[in-house]
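Please open the structure in your viewer and keep the selection panel at hand. The stops below say what to select next and what is found there.

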Amino acid sequence: MNSQADIKTGLRKRSPAFLFRQISVAPLFLASLLFFPPPICADPPVFFHKKDITLQKISPREMGNAVDGSISIDEGAIDLQLSSSGSVLNDYDINPEGYTTTAVKRRIDELWEWKILKNKNDNKPYITAEYSITGANGQRGALSNQSDPSDSIDVQIEPLPLSWSEKNNQWICTGGIDLVLDLADISKSGNYAGTITTLISIASF
Amino acid sequence: MTTKKAITGMIIAAAMLFSGSNSAQAVVAAPGASTSGETNVQVSVPEFIILHYYSDLTLNFAAPTQSVKEGAKAWDDVAWSTGTYEGDISLSDVKGVNSEDKVLVNLNNLWAVRGFSGSGNALISIENKQADMANDESVITMSDLKVTRNGKSEKELEVPLNGISTANATKGGVTMTLDFSKTTISGMHKGGVYKITASTI
């Protein structure tokens with residue numbers, strides 16, 4: 001009993017000064033509630049895993065090359081008929097066939113993630129994701145060369161199926177894409193850059 | 001830590017928790033709601049070149065079976081005196097392989113290049129590695145080898161690289177002069193070697 005009385009006495013003695021000093025903190029707290037209401041009624045924002053993505057470097061092997069560098073390819077023998085003055089008499093050409101791969105694919109598994117609170121949304125929402133890509137030179141559906149913007153890689157986007165999981169009373173939706181890069185029309189090496197724009201919509205619950 | 005400090009810390013922590021920037025960006029997940037984001041992406045294309053070439057080139061010259069009409073000739077360098085021949089006669093413009101020591105050969109489409117380079121161009125060069133083609137004591141000599149494309153012929157030629165596609169490969173040829181002055185017998189003469197080099201630039 002004595003000890004309880006001592007504690008109460010102590011609190012009484014310290015309370016006025018303690019509360020007075022908290023007055024300086026209280027306005028900050030109230031202001032934060034006023035301007036930034038608690039996210040009880042809101043879902044977290046869509047989270048993009050990376051702002052900048054560098055895709056795996058393209059390898060010559062991906063385009064049918066036997067090595068990861070320059071190479072010479074023997075097209076075999078050719079037999080030409082010439083006139084006595086040196087003019088070629090038979091038609092012929094060099095046709096480097098059999099090496100026709102010009103497209104390579106790069107996957108971005110987790111481009112974005114959206115967590116939706118389950119206590120508001122009992123059913124898993126129906127989400128759609130649309131993607132587009134624009135080269136650094138402004139050309140749509142392309143990545144453009146950073147040194148020569150006139151050189152650009154045609155890019156097709158193939159969306160991956162949305163991935164769903166549940167954790168901590170949240171629906172977690174994750175989206176990714178495959179980029180199909182067609183290198184048929186470029187002649188320059190170096191970095192090609194662009195921006196992927198993702199539009200995510202909730203169609204229904 | 002005193003009770004005062006603990007409570008002060010809790011208040012500040014609560015203020016930070018409820019006023020974080022995340023809630024400012026939060027969206028209500030309702031039908032029709034949408035949000036968007038941008039991601040910068042880049043990929044590196046390597047520099048490499050693929051040279052297509054024929055490793056075995058056989059040239060079959062046709063025999064000059066036709067008769068050769070020499071036409072009229074003004075013997076300007078010849079002086080005739082009382083029926084006696086006193087000058088040298090040079091038949092420098094005689095037509096036909098039998099009378100020519102050297103023959104210029106122009107062969108198209110002997111090489112092709114594909115690939116990527118920093119400039120989008122490539123340098124093609126040719127080197128005469130083994131000039132003589134022999135058949136026993138008889139010799140044909142290659143000289144003045146050049147690479148050609150679109151009417152240009154040089155020892156080194158800068159050509160555009162049209163990328164990796166085989167359909168767009170840049171093709172070119174070779175010119176050479178064959179010297180038959182030491183050729184004494186017909187038949188296959190072997191041993192000549194030239195080397196074509198393609199480099200990215």
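**A loop, a chain and a core**

Begin by selecting Asp93(A), which sits in the loop that links strand S4 (77-82) to strand S5 (103-117) of chain A; bear in mind throughout that this is a predicted model. Asp93(A) counts as exposed because it has 9 C-beta neighbours inside 10 Å, where 12 or fewer is the limit for that class. If you add Ile78(A) to the selection and take the C-alpha to C-alpha distance, the two residues lie 9.7 Å apart in space, with their positions 15 residues apart in sequence.

Next, select the whole of chain A, colouring it by secondary structure, and you will find 2 helices and 11 strands, which follow the order α-α-β-β-β-β-β-β-β-β-β-β-β from the N terminus on. Of the 205 residues in chain A, 22% are buried, and among the contacts of this chain with a separation of 6 or more, 68% are between residues 24 or more positions apart.

Now select Ile153(A) and show its surroundings: apart from neighbours within four places in sequence, Ile153(A) is in contact with Ala142(A), Leu143(A), Leu181(A), Asp182(A), Leu183(A), Ile186(A) and Tyr192(A).

Which residues of the largest nonpolar core touch the most other members? Within this core of 56 residues, they are Ile153(A) and Val155(A), together with Val45(B), Ile49(B), Leu51(B) and Val113(B). To finish, select strand S6 (residues 102-116) of chain B, which contributes 6 residues, the largest share of this core.

How values were computed: Residues numbered from 1 in each chain as written. Chains lettered and ligands numbered in written order. Predicted model: local features only at pLDDT ≥ 70, side-chain atom pairs only at ≥ 80, totals over all residues. Core = buried A, V, L, I, M, F, W, Y, C linked by C-beta atoms within 7 Å. Buried ≥ 20, exposed ≤ 12 C-beta atoms within 10 Å, placed from the backbone. Helix = DSSP H or I, 4+ residues; strand = E, 2+ residues; numbered from the N terminus. Contact = placed C-beta atoms within 7 Å.
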